[in-house]
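Work through the two exercises below with the model open. Each task is followed by a stepwise solution.

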Amino acid sequence: MATSDENSGLFPIFILTMLAIPLVPYTILKLCRAASKKAKPIHCECSVCSRSGKYRRSIFKRISNFSTCSNMTLVLLWVVMGVLVYYIKNMSREIQVFEPFSILGLEPGASESEIRKAYRKLSILYHPDKNPDPDANKYFVESISKAYQALTDPISRENFEKYGHPDGRQGFQMGIALPQFLLNIDGASGGILLLWIVGVCILLPLVVAVVYLSRSSKYTGNYVMHQTLSAYYYFMKPSLAPSKVMDVFIKAAEYMEIPVRRSDAEPLQKLFVVVRSELNLDLKNIKQEQAKFWKQHPALVKTELLVQAHLLRDTAALSPELQRDFKRVLELAPRLLEELMKMAIIPRTAQGHGWLRPAVGVVELSQCVIQAVPLSAKKGGGGSPEGSAPFLQLPHFSEAVIKKIARKKVRSFQDLRDMTLQDRDDLLSQVAGFTAAHVQDVERVLEMMPSITVDVTCETEGEEGIQEGDVVTVQAWVTVKRGNGLIGALPHAPYYPFHKEENYWFLLADPNSNNVWFSQKVIFMDEATAITAASKAIEETMEGSGASPKETSKATKEAIEKVKTGSRLVIGKFQAPAEGNYNLTSYLLCDSWIGCDNRTSVKVKILKRTRAGTRGAHITEEGPITEDGAEEEEENDEEEYDEDYESEYSEDEEDARETNTKAAANGNGRQSSSESSESEED
C-alpha cells in the first residue's frame, strides 16, 4: 500500500516533467524571436504608413497581437505548471519519512533504557487495551511498535543506521505514476482507468488523424485549397497577357466561399461605375460587355470589384460587411498569387520548361495589389516606357505631380532614384510643391527600396564548355542594397492592411520562345536558412569538382560572408538543349515593389556532343507534357493576346526575338561548313 501511495504521489511530478520538456525550449525560442524583432525596425516609418495604423503599437493592439491562440495556450500551460509546482511543494511536506527516534520522541543515539522508557509511556497512551480509538490502534501498530522493534533488535537497528531501513538494503522498485483512484481497479475506478486508456491511446490519435486527413484532403501545405490549384492549372495559358491574369486570379475556391448577400447588390453597382474603366470592357459593345460581366458567378463579380476598388484606392465608402469581405480578399491575395506563380512556371513542355509571359503577369499583379496601383498605370505613356505605376507607390505622388516633374526631364523612375539628394529635394519642393515633411517621407521610402544586382553563370561541372545533353548548373548571386542599410525589410505598403514580406523570383528564361528554363524563389528575411543553404550548395559543388578540403572550406567561408552582406545564392540544374547559341535573360522579380526588378542578359552556347556517353541523366520534374494537339491550342491563344496592355518587358522580348532570328539565320548559313571544321578540330 505504501508503494501504491508513493507511485500516486509521483503522478504530478511526472506530468510536470512531461509538460516542461517541450514548453521551456519553445518559450525561450519565442522570447528570442520577439527580442530580435524589437532590435531593429524593418518597416517603413513615413507619415503615410504611420497614419495607416498598420505598425502602430497602441495598448489595445499590443493586447490583440499578444492574444493569439498560440500565446494564450502558452500562458495557460505555464499557469498549469505553476499550480503543479505549488501542489508538489505542499505534497512533499505531507509525506513523512520513517524516523524511529522521532516517533518515540528521542534524540538520535539514545540508549536502550531510554528507548524502553519512551515506549512504555506511548503504550499507555496508544495501546489498544488502554485506548479503544481505532486511529490510536493503527498508529501504535504501524508506527510505535515498528519503531521500538527497529531500535531494540540489534540487527534491525544496524540495518537502519547503515541503510536507513530496518529491513536492510532495499531493492529497486518500479511503479506507475498514476493517481490512486486509477490504480484501484475495483468497482468504478476500473472503468475510469479503462476509459482513460481508450481515450488517450485510441480516441485521441484517431481524432487527430481524422482532422489532419480532412484538412489535408482540402488544403495544400501552403493552406491553399486543392480546388484552387486545379482551377489555376486549367486556366493558365502560355499566352496569358498580364491584363488577363486578374481573370484567373479571382477564380480561387477561397473567394467562391465568400458570402454574397442581397444587401451587397446596390453597393456593388455603385462600385462597378467607379472601376468600370479598369475592367477591360470593349467600349464598342459596352452594353453587351456589361451584361456579360454581370452574368458571371456573383462571387467572381464581387471579388473582382473589390480588388479593382483597392487598386484605385477607393474603398472608404464600402459598407461594414463589404469591408470585412474586402479584408478577407486582400489577406488571401499573397498566398494565392504565389500558387498562381507556381502554376505559370511549372514544367509544361517536353523539355520541362514553364511559361514566361504569365509568370511576369502574375508578379506585376502582385506588385499592384501590394502597392494599390491600378494595372492601367503600368502602361507606357508620356515619354515613360514603364508608366506612372512606380511613381504612384511613393507617398504624396499623384498623376499631376508626375506630369510636373516630367517637364523637368524626369522621364523614368530610375531617373528620380539616380538624382542626388539635393537635386531631388529641389525638384520635389520647387516643381511638385512638396513640403519639407513630404520630401522627407519620399526620401525614407526611397531608402527602403532595394537596388538589385545579379551575377549569373551557367556551366557543366568538371567539363569545358556545354554540350548537348549536359546537365548544366546555374549559379547566381543575388545582392540587395538599400539606402538605410537593411537587408530584409517590409515594403512600403500603406494601403495594404496586413504585414507583407518581400519575396523575389529568379527566372532564367528565353523571351523568344516564352520558356522558363529555371526558376527559384529568393527570400532575404531569413539569414540563418540562407547561410545553411549556401554552405551546403558550395560544399557539394566543390566536392563534385574534386577540390581539396582546404579549398572547399575557403569557398564556404566566402559564401557565408556574401550572405551576411546581403547576397543570396541561387543554384539549380537544367539539361542542355540542342546545339546553338541561346540569348537568355535572367529576371529577378520582386512581388512587392514596382520598378525594382532586374534583368540580365545571359548568352549560352551549346556545342555539338563530342564526349562519349551522356553527361548525367535527363532532369525530370512533375508536370504534364504538352501533346501535339495542344500546340494548335497554344497558337490560338497567342492570337488572343491583349495588345492594348504592354508589360514592361515587352520591348525586351521583341529585341531578343529579333536577335535570336538573326542568330538562327547565321547558323543555317554556317551549317554546311560545320562538318569539315569539326574534323579539323578533332
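**Exercise 1. A strand and its neighbours**

Task: In β8, which residue is the bridge partner of L507? Then place β8 among the strands it pairs with.

Solution:

1. Find L507 and look across to β8. Its bridge partner there is Y587. Keep in mind that this is a predicted model.
2. Extend the view to the whole strands. β5 covers residues 504–510, and its pairing with β8 is antiparallel, over 6 bridges.
3. Turn to β9, residues 598–607. β8 pairs with β9 too, in the antiparallel sense, over 9 bridges.
4. Check one pair in β9: I606 stands opposite G580.
5. Now ask how covered β8 is. The strand spans residues 580–590, and 9 of its 11 residues are buried. β8 is therefore mostly covered, with buried meaning under 20% relative accessible area.

**Exercise 2. Two packed helices**

Task: Is α14 oblique or roughly parallel to α15? Describe how the two helices pack and which residues make the contact.

Solution:

1. Locate α14 at residues 265–275 and α15 at residues 286–294.
2. Take the geometry. The helices pack at an angle of about 140 degrees, and their axes lie 13 Å apart.
3. Classify the angle. Roughly antiparallel needs over 145 degrees. At about 140 degrees, α14 is therefore oblique to α15.
4. Assign the hand: α14 passes α15 in a right-handed crossing.
5. List the contact. α14 supplies L268, Q269 and F272, while α15 supplies Q290, F293 and W294.
6. Sort these residues by type: 4 are nonpolar, 2 are polar and none is charged.

Methods: Residues numbered from 1 in each chain as written. Predicted model: local features only at pLDDT ≥ 70, side-chain atom pairs only at ≥ 80, totals over all residues. Heavy atoms only, no water. Axes fitted to C-alpha atoms, helices over the stretch in contact; angles between N-to-C directions. Helix = DSSP H or I, 4+ residues; strand = E, 2+ residues; numbered from the N terminus. Parallel < 35°, antiparallel > 145°, perpendicular 65-115°, else oblique. Left-handed = near helix turned anticlockwise from the far one by under 90°. Contact = heavy atoms within 4.5 Å. Nonpolar A, V, L, I, M, F, W, Y, C, P; charged D, E, K, R; others polar. Buried < 20%, exposed > 50% of the residue type's maximum accessible area, 1.4 Å probe, protein only. Pairing = 2+ DSSP bridges.
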